[in-house]
Structures are given as C-alpha cells and as structure tokens.
Amino acid sequence: SAAPSPWSNPWSTWRRAPCTTASGNGRGGNGRAAKVMGDREMSSIDIGIADDARKQIGDGLARLLADTYTLYLKTHNFHWNVKGPMFNTLHLMFEQQYTELALAVDLIAERIRALDFPAPGSYAAFARLTSLTEEEGVPTAEEMIRILVKDQEAVVRTARSIFPVVDAAHDEPTADLLTQRMQVHEKTAWMLRSLLG
C-alpha cells in the first residue's frame, strides 16, 4: 500500500469523549465544577498544581507572551527599516532574532493552553499585557540596537518574575521553558551590546 502522506492529519481517527458539564452530569465527568476566578472561567484540572498557582503561572506566561510578540514585531520592523553602514550585518541579525521569537511565541502560547487557559492573541491584549513600548518613527541603526538591548533585558525580567510561583508549584515544564527563554534573551542582549563597543 502507498505510504501515508506527510501532510495527513494524525487526529483524523480521534473521537470526542462524551461531553462533561460543569455540574458533572455528563458521562465521564468527574463532578468538579468549573471555578470562576477574576473575569475568567477556570476549569478544575488535576496536573498536581493548585488552581490558584496555576492561574498565577498562566497570567505570568500571558505577560511573557505579550512581551515576546511585541519584541518580535519590533525586531521585524527594524529588519525592514534599518539602513546605514551596518545594514547587511543588522538586517541579517534582526532576521535571525525575529525568526527565533516567532517560534518562541508558539511555545509560550502552547504552555498556557496546557495549563488550561486561553492564550492572548490580539493586538489589544498584547498592548495591555506587555511591558514593552512601541517606537514612533524609524530610529537610527545604533538607536535600534540600544532599544533592542533594553527590550531583550525587559523580557528576561518578565520571565524571571514568574519563577517564584513556578518553583513553589514544582511546575518543571514551565521552569524549563522560562530557563530557555532567559538564556536566549540574555545571550541576544549581550550580542547586541557588543555591537555598541
């Protein structure tokens, strides 16, 4: 028989489990009601992390996602608009950086979903959650470097701020993700600073 297509859907034979209501009346339900925390409904899942800690981690990751996406857009903008004697170096470097950030956005969003929260995905949500600021106009090449150094460091601070609750909850997958993100951003900030002499 023919080999399966690499584009085939691995979930094509998946069957949806019987619907479970918040009151636990559906077949297969565990009887635990969904909790309303703040302005978001939070279902009660059992992955060994208390609901309150899980919400704090989800909220922290939402801020990290917003910072990462905002930095992605800014770096892509600078890739397009940089000019001057360092054009080729910076054009290629910024491309490498925004490509890495695009992949990171997906990893962070998927971790938020694994914790059973919706991942923010609109410009309005990112603007509300991010610690970064947008740039007006087109900075010089040297100003772009300085701005990105500052923003790379800001993303490190956001990631580091989530660690206390992550450690207390023994959330190793999120701790691993945060460690990787801090390593990338700290190294990128160092490389950008090195261009300034």
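**A walk through the buried charges and the core**

Let us start with a pair of charged residues: aspartate 151 and lysine 74 are both buried. They also meet each other, since aspartate 151 forms a salt bridge with lysine 74 in which the closest N and O atoms are 2.5 Å apart. This pair links distant parts of the chain, with aspartate 151 in helix 4 and lysine 74 in helix 1, 77 residues apart. The two do not stand alone: Lys74, Glu135, Lys150 and Asp151 are linked in a network of salt bridges.

Before going further, please keep in mind that this is a predicted model. The average pLDDT of the protein is 84, and 78% of the residues score at least 70. Residues 1-40 are another matter, with a pLDDT below 50. Beyond near neighbours in sequence, that stretch makes 34 contacts in the model. Where pLDDT is low, the predicted coordinates should not be read in detail.

Back to the charges. How many salt bridges does the structure hold? There are ten of them. One of these joins the side chains of aspartate 171 and arginine 111, at 2.8 Å from N to O. Aspartate 171 sits in the loop between helix 5 and helix 6, while arginine 111 belongs to helix 2, so this pair ties together parts that are 60 residues apart in sequence. Here too, aspartate 171 is buried, and arginine 111 is buried as well.

A salt bridge of a more local kind can be found in helix 1, where aspartate 51 lies. The side chains of aspartate 51 and arginine 54 meet in a salt bridge at 3.0 Å, N to O. About one helical turn separates aspartate 51 from arginine 54, because they are three residues apart in helix 1. Is aspartate 51 buried or exposed? Its relative accessibility is 12%, and the cut-off for buried is under 20%, so aspartate 51 counts as buried. Arginine 54 is buried too, with a relative accessible area of 0%.

Now for the nonpolar side of the picture. In soluble globular proteins, nonpolar side chains tend to be buried together. In this model, the largest nonpolar core has 45 residues, and those with the most contacts inside it are Ile57, Leu61, Leu64, Phe94 and Leu178. Several helices contribute: helix 1 (51-81), helix 2 (87-114), helix 4 (141-161), helix 5 (163-168) and helix 6 (172-195) each supply at least two residues of this core.

To see one core residue in its setting, look at phenylalanine 94. Leaving aside residues up to four places away in sequence, phenylalanine 94 touches Thr75, Phe78, His79, Val82, Met144, Leu148 and Leu192. Phe94 is one of the buried residues of helix 2, which also include Leu90, Met93, Tyr98, Leu101 and Arg111. What covers the buried residues of helix 2? The cover includes helix 1, helix 4 and helix 6. As for length, the 28 residues of helix 2 should span 40 Å at 1.5 Å a residue, and the end C-alpha atoms are 41 Å apart, which agrees. After helix 2 comes aspartate 116, with a positive phi near 75 degrees.

Helix 6 can be read in a similar way. Its 24 residues reach 35 Å from the first C-alpha to the last, close to the 34 Å expected at 1.5 Å a residue. Among its buried residues are Leu177, Leu178, Arg181, Met182, His185 and Leu192. Helix 1, helix 2, helix 4 and helix 5 are included in what covers the buried residues of helix 6. Helix 6 is followed by glycine 197, whose phi is positive, near 85 degrees.

Our last stop is a loop residue. Where is isoleucine 162 found? It is in the loop between helix 4 and helix 5. Because its relative accessibility is 2%, isoleucine 162 counts as buried. Not counting residues up to four places away in sequence, isoleucine 162 touches Gly60, Leu61, Leu64 and Leu178. Leu61, Leu64 and Leu178 were met above among the residues with the most contacts inside the core. The C-alpha atoms of isoleucine 162 and arginine 63 are separated by 9.6 Å, although these residues are 99 residues apart along the chain.

How values were computed:
Residues numbered from 1 in each chain as written. Predicted model: local features only at pLDDT ≥ 70, side-chain atom pairs only at ≥ 80, totals over all residues. Heavy atoms only, no water. Core = buried A, V, L, I, M, F, W, Y, C linked by side-chain atoms within 4.5 Å. Buried < 20%, exposed > 50% of the residue type's maximum accessible area, 1.4 Å probe, protein only. Helix = DSSP H or I, 4+ residues; strand = E, 2+ residues; numbered from the N terminus. Contact = heavy atoms within 4.5 Å. pLDDT = per-residue confidence, 0-100. Expected span 1.5 Å × (residues − 1). Salt bridge = Lys/Arg side-chain N within 4 Å of Asp/Glu carboxyl O.
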